[in-house]
Amino acid sequence: MNIISILIISGISTLAMTAFSYLLTLLVKKNLIEPYWLNVVLFQSKTTFRPLGWILHYMTGIGFLYLQLFILKFLPENSLANGLLIGIIEGILGIFMWHTLFKILFKPDELKLSWYYLNLLGVHIVFCYTALYCINYLL
């Protein structure tokens with residue numbers, strides 16, 4: 001897969017997962033939006049639209065897509081279970097990464113970790129299914 005395809009698929013998949021976070025944020029009335037929390041933790045900025053958090057969020061999406069492509073090499077092709085399995089693996093990895101970030105820097109008091117970690121698990125499943133769809137049907 002070429003770099004343009006990687007950028008397109010990771011961009012669409014990251015957009016889908018972020019949209020899911022926005023939807024869940026509206027439903028549970030707790031801010032679960034990853035780029036916002038990246039800005040808070042890394043840059044002490046409580047601005048949703050600060051570009052650095054978004055850039056880092058989308059760059060991380062590229063890494064997660066590469067991980068998904070690697071894991072797919074060891075799984076049967078075109079299985080719906082692949083999206084769930086890889087999504088759970090990547091969700092756990094995402095939770096670990098955030099947990100480490102909170103331990104190294106700080107965890108904002110207003111962030112409820114149980115909701116945030118549950119969101120991370122869900123958004124990575126959305127990411128993986130979106131990427132699988134793009135891989136199989138768009139490119």
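So, what covers the buried residues of helix 1? Helix 2, helix 3 and helix 5 are among the elements that do. Keep in mind that this is a predicted model.

The buried set in helix 1 includes Ser 5, Ile 6, Ile 9, Ser 10, Ser 13, Thr 14 and Met 17, and further along, Ser 21, Leu 24, Thr 25 and Val 28. Residues three or four places apart in an α-helix point the same way, because there are 3.6 residues a turn.

Now the ends. At the start of helix 1, Asn 2 puts a side-chain oxygen within 3.1 Å of the backbone nitrogen of Ile 4. After the helix comes Lys 29, with a positive phi, near 60 degrees. And the length works out: 26 residues at 1.5 Å each should span 38 Å, and the end C-alpha atoms of helix 1 are 37 Å apart, so that agrees.

Okay, helix 5. Its axis and that of helix 1 come within 8 Å and cross at roughly 145 degrees, and the crossing is right-handed. On the helix 1 side, the residues meeting helix 5 include Ile 9, Ser 13, Met 17, Phe 20 and Leu 24; on the helix 5 side, they include Trp 115, Asn 119, Val 123, Phe 127 and Ile 135.

Last bit, the core. The largest nonpolar core has 32 residues, and Trp 37, Leu 65, Trp 98, Phe 102 and Tyr 116 touch the most other members. Helices 1 through 5 each supply at least two residues, with helix 5 giving the most, 10 residues. Leaving out residues up to four places away in sequence, Tyr 116 touches Leu 32, Glu 34, Trp 37, Trp 98, Phe 102 and Leu 111.

Methods. Residues numbered from 1 in each chain as written. Predicted model: local features only at pLDDT ≥ 70, side-chain atom pairs only at ≥ 80, totals over all residues. Heavy atoms only, no water. Core = buried A, V, L, I, M, F, W, Y, C linked by side-chain atoms within 4.5 Å. Buried < 20%, exposed > 50% of the residue type's maximum accessible area, 1.4 Å probe, protein only. Helix = DSSP H or I, 4+ residues; strand = E, 2+ residues; numbered from the N terminus. Contact = heavy atoms within 4.5 Å. Expected span 1.5 Å × (residues − 1). Polar contact = N/O pair within 3.5 Å; in protein donor to acceptor, adjacent residues only side chain to side chain. Axes fitted to C-alpha atoms, helices over the stretch in contact; angles between N-to-C directions. Left-handed = near helix turned anticlockwise from the far one by under 90°.
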